[in-house]
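Biologist: I'd like to learn how to read burial and helix faces from a model. Can you take me through one?

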Amino acid sequence: MEYIYGSTDFKYHNTCVTLGKFDGLHRGHQLLLSELAKFEQQGLTSVMFTFDYHPGNLFSEKEIDLIYTEEEKKELLSRLGPKVLISYPFTEETASMEPEDFIKEVLIGKLDAKAIVIGADYRFGRKRKGDAALLKKYSIMYGYELVICEKLTYHDNVISSTRIREELKNGQMESVNEMLGHPYTIMGTVVTGNKIGRTIGVPTVNLLPAEHKLLPPNGVYASIIKFQENTYYGVTNIGYKPTVGAGQKLGVETHIFGFTGDLYGKIIEVELYRYERPETKFTSIEELKQRVQLDIQNVKEFFARGCYADNTTQSRE
């Protein structure tokens, strides 16, 4: 997949384009991509067009944490199929662009769009004045086909990034994963921890989440860990490790069942499947050890009741 980040200097011909924020790459977004793939089969170059920073962050005092960081989004999209991902710079100039100018200068001038795929509620341009009706109007002038996808629902409510964020904040991982259409994932490079886990017989790998990564509540989770072509089951703690890690940064610490290798400096993915319990400060290392062993037992039983991984190398030991 070709990746263009923060630049307006690009030019393509004969493309099919899908437009949106695409935070979470949830099932609704995947529907857009499936429609895009149909045009790609007709010989068009598939393009996902989004912005390099969540639009709500530019003009709001409140930062909006993202379900997936830019790097995570790029990695996930490399598996979902678009040939080009464009993260367009969202600046004051971009935000003030009239929707008609966006169609003419970007969609036609830079992308030569022959087909455009959007969600029914997609808005763009200055004051969000651009919509599906405007794109339909200009499709005749510029000769592109417009596909408008209706919203998907889960338990009779529309699937949206906002709804997924709320469920994620509440630790409802089963609902989050159903709406995403794939497991909620934390990607990162393994860093050195305090190595306390080794002393109690449960060695761990540690990740430091990106600054604006939206995380579920601090606590313990049933997880699946992916590294290269291998998949492992494990138990993950998100938090500050209050029993042994006073003053530490927020971290993601995972014990991988049956793994004895060295992952320092390697990029791994941690998928979360169920919230087990909140993070707790124990009175002693021994009490921590006993609770961790119970967590491991509970997580193994959870995974034993169903198949949650793909067909790569697995270990439940």
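Modeller: Sure. Start with the cut-offs: buried means under 20% relative accessible area, exposed means over 50%, and partly exposed is in between. Keep in mind that this is a predicted model.

Biologist: Then how does Ser 78 count?

Modeller: Ser 78 has 41% relative accessibility, so it counts as partly exposed. It is found in helix H2.

Biologist: What lies across from Ser 78 in space, though far off in sequence?

Modeller: Take Tyr 3: it is 75 residues from Ser 78 along the chain, yet their C-alpha atoms are separated by 9.6 Å. For the chain as a whole, 75% of the contacts with a separation of 6 or more are between residues 24 or more positions apart.

Biologist: And how much of the protein chain is buried?

Modeller: Of its 317 residues, 49% count as buried. The secondary structure comprises 9 helices and 14 strands.

Biologist: Back to helices. Why do residues three or four places apart point the same way?

Modeller: An α-helix has 3.6 residues a turn, so that spacing brings you round to the same direction. Now the case here: helix H2, residues 70-80, has Glu 70, Glu 72, Lys 73, Leu 76 and Leu 77 as its buried residues. Looking down the axis of H2, they fall within an arc of 155°, so they line one face of the helix.

Biologist: What do the buried residues of H2 pack against?

Modeller: Their partners are helix H1 (27-40) and four strands: S1 (2-5), S3 (45-51), S4 (84-88) and S9 (184-189).

Biologist: Let me try H5. Which of its residues are buried?

Modeller: In H5, residues 132-142, the buried ones are Ala 132, Leu 134, Leu 135, Tyr 138 and Ser 139. Seen down the axis of H5, these fall within an arc of 145°, so they also line one face. Their cover includes helix H4 (99-108), strand S5 (113-119) and strand S6 (145-149).

Biologist: And what does the face of H5 turned away from its buried side carry?

Modeller: That face has the exposed residues Ala 133, Lys 136, Lys 137, Ile 140 and Met 141.

Biologist: How about the ends of a helix?

Modeller: Check for side chains at the start and for the backbone angles just after the end. At the start of H5, a side-chain oxygen of Asp 131 comes to within 3.2 Å of the backbone nitrogen of Ala 133. After H5 comes Gly 143, with a positive phi near 75°. H2 is followed by Gly 81, and its phi is positive too, near 120°.

Key: Residues numbered from 1 in each chain as written. Predicted model: local features only at pLDDT ≥ 70, side-chain atom pairs only at ≥ 80, totals over all residues. Heavy atoms only, no water. Helix = DSSP H or I, 4+ residues; strand = E, 2+ residues; numbered from the N terminus. Buried < 20%, exposed > 50% of the residue type's maximum accessible area, 1.4 Å probe, protein only. Contact = heavy atoms within 4.5 Å. Arc of directions from axis to C-beta. Polar contact = N/O pair within 3.5 Å; in protein donor to acceptor, adjacent residues only side chain to side chain.
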